[in-house]
Amino acid sequence: MPPTKVLIIGGGLSGLALGQCLRAANIDFEVFERDRDEKSRPQGWALTLRESLAGIYELFPKDMPPLEESTSLFKDLSASDHDLAGLLSKKDKVSFGGVLYNTGELLAEINASERNDIEHHWFRVDRTAFRQWLSHGLQITWAKEFVKYEETDCGVRAFFADGSSTRGTLLIAADGAHSRCRNQLMGPGNVVLEHAAGGTIRGDFNVTREEYRELLQKGAAVLTATSPEYHFFMGPRFFSNKDRTGTYYWAVTWDNRDDPRIKAWTPDTHGDEARQMALELCYDLHPSLRRFIEQTSGDELLDSKVQLLQWAPDVDRLPGRRVTLMGDSLHTMTPFKGAGANTALLDAFDLAQLIVHAGEKGVDVSKVIPVYEATAVPRGRETKEFSKSASLQPDPTHWSRTMEKVFAAGYKWEKLDLEKVAI
Ligand SMILES: Cc1cc2nc3c(=O)[nH]c(=O)nc-3n(C[C@H](O)[C@H](O)[C@H](O)COP(=O)(O)OP(=O)(O)OC[C@H]3O[C@@H](n4cnc5c(N)ncnc54)[C@H](O)[C@@H]3O)c2cc1C
């Protein structure tokens with residue numbers, strides 16, 4: 001039996017998390033990433049670490065820098081602004097506000113700091129800082145674009161766009177929502193990503209210290225307003241310590257592709273035209289929120305090509321012998337439950353524990369694939385469905401009323417009971 005070597009395709013959140021768990025267990029692995037380096041591609045909005053936190057603390061190497069201090073979206077603010085630090089460390093550290101779209105009335109608010117045990121602890125991370133943190137101490141081969149693999153009974157070989165190739169005993173496709181590896185594994189034409197919304201228009205706007213203080217006081221880590229016709233949400237992206245400004249995003253999504261106000265919209269629509277469509281669609285959004293769309297200039301409208309897509313396999317066992325999927329490549333979901341990254345990390349934790357277990361038992365590492373998929377595939381499918389249902393609703397109070405339930409529902413990290421795992 002050849003010694004275990006894990007090839008990880010994709011150095012995004014789940015690929016790096018798997019790398020860290022394998023590093024902690026001294027298992028041989030390599031991470032291949034298409035990006036030139038960890039900062040070469042903007043990482044988008046902040047995200048909330050929640051159900052994956054306990055696994056990070058349990059399975060990552062002990063030499064990792066402190067997580068919250070290194071990655072919190074509010075870390076620079078807290079360090080420089082003692083007044084605000086007090087506010088952020090108390091009531092409004094992370095809160096989700098659900099607002100009635102046409103009155104601006106706050107219907108529901110969830111504050112993480114009310115629940116400070118590890119199981120209920122959440123915090124908002126800056127995505128770039130989190131990816132950098134996940135890269136700590138890892139050997140990552142950057143600028144390495146995977147193109148295809150070949151599987152045999154005793155190994156797997158990955159091929160790259162630069163003409164090189166490498167061999168391993170297991171290949172984990174952590175190459176995201178548009179996974180190339182998944183297309184090969186599932187067969188050409190068998191993966192059709194479904195559009196989870198008719199379209200999305202997004203914008204960024206800058207705020208002064210006074211403005212972000214006011215927004216943070218309202219508890220707006222994420223503020224959402226759902227009408228029967230659209231879903232509006234906004235939140236902070238990052239803060240500049242130097243000039244004490246903040247950058248917030250807003251986004252509006254809709255379902256009805258035939259709505260005359262946005263009928264002409266395509267993923268290429270941008271600038272003032274897109275802003276005008278957003279304003280027309282959100283004609284009845286309360287002025288306290290609508291003003292953010294009004295304030296955004298055409299130049300600050302973001303690329304609308306980022307689509308809300310969803311997909312999960314409808315079979316529980318994938319066809320790979322030494323190849324499997326992890327994270328967004330296995331379950332692509334909308335961001336409305338904030339579960340994509342957390343679920344991707346749960347996949348990485350399960351896989352890592354099983355790979356270590358196979359090593360300890362001296363069995364071929366490919367044996368872990370069916371055991372892993374038996375949990376990860378249905379979990380991903382269910383979470384994808386839940387994320388969709390947390391989206392557009394005919395009843396505008398639904399999302400706010402059920403926010404607590406939506407965030408509480410779903411899978412939490414649990415250490416695998418390896419005594420019971422037969423491989
Ligand atoms: C707007 C938005 C907000 C979100 N908010 C949240 C949130 O609050 N909470 C949450 O849990 N989730 C959230 N998510 C979801 C989260 O971003 C994803 O679920 C998560 O990034 C998935 O991790 P991953 O490792 O599977 O994929 P990714 O992080 O996308 O990483 C995939 C990596 O593979 C690389 N790659 C792709 N193709 C190749 C190739 N051919 N060769 C080599 N490398 C390749 C890519 O460059 C990338 O680095 C949000 C998503 C969006 C769009």
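**View 1. Antiparallel pairing of strands β9 and β10.** In this predicted model, strand β9, which spans residues 156-160, pairs with β10 in the antiparallel sense over four bridges. One residue pair places this pairing in the sequence: R157 has R167, a residue of β10, as its bridge partner.

**View 2. The open sheet formed by β8, β9 and β10.** The pairing of β9 with β10 belongs to an open sheet of three strands, arranged in the order β8-β9-β10 and paired in the antiparallel sense. β8 (146-151) and β10 (165-168) stand at the edges, and because each has a single partner strand, one side of each is left without a neighbour in the sheet. From one strand to the next, the twist averages 20°.

**View 3. The residue shell around the ligand.** The ligand is surrounded by 31 residues, of which S14, E33, W45, R127 and D328 come nearest. When the residues of this shell are sorted by class, 10 are nonpolar, 10 are polar and 11 are charged. Four elements, namely α1 (13-24), β3 (47-49), α6 (127-134) and α11 (340-361), each supply at least two residues of the shell, and α11 gives the most, with four residues.

**View 4. Polar atoms of L13, S14 and A341 beside oxygen atoms of the ligand.** An N or O atom in the side chain of S14 is 2.8 Å from an oxygen atom of the ligand, and S14 is also one of the residues that come nearest to the ligand. For L13, a backbone N or O atom lies 3.3 Å from an oxygen atom of the ligand, whereas for A341 a backbone N or O atom lies 2.8 Å from an oxygen atom of the ligand. Of the 1000 Å² of accessible area that the ligand has on its own, the protein covers 87%.

**View 5. F205 in strand β13, with E294.** F205 has its place in strand β13, which comprises residues 199-208. F205 has a relative accessibility of 1% and therefore counts as buried, the cut-off for this class being under 20% relative accessible area. Although F205 and E294 are 89 residues apart along the chain, their C-alpha atoms are separated by 9.9 Å.

Key:
Residues numbered from 1 in each chain as written. Predicted model: local features only at pLDDT ≥ 70, side-chain atom pairs only at ≥ 80, totals over all residues. Heavy atoms only, no water. Near = heavy atom within 4 Å. Polar contact = N/O pair within 3.5 Å; in protein donor to acceptor, adjacent residues only side chain to side chain. Areas by Shrake-Rupley, 256 points an atom, 1.4 Å probe, with all protein chains shown as cover. Nonpolar A, V, L, I, M, F, W, Y, C, P; charged D, E, K, R; others polar. Pairing = 2+ DSSP bridges. Axes fitted to C-alpha atoms, helices over the stretch in contact; angles between N-to-C directions. Buried < 20%, exposed > 50% of the residue type's maximum accessible area, 1.4 Å probe, protein only.
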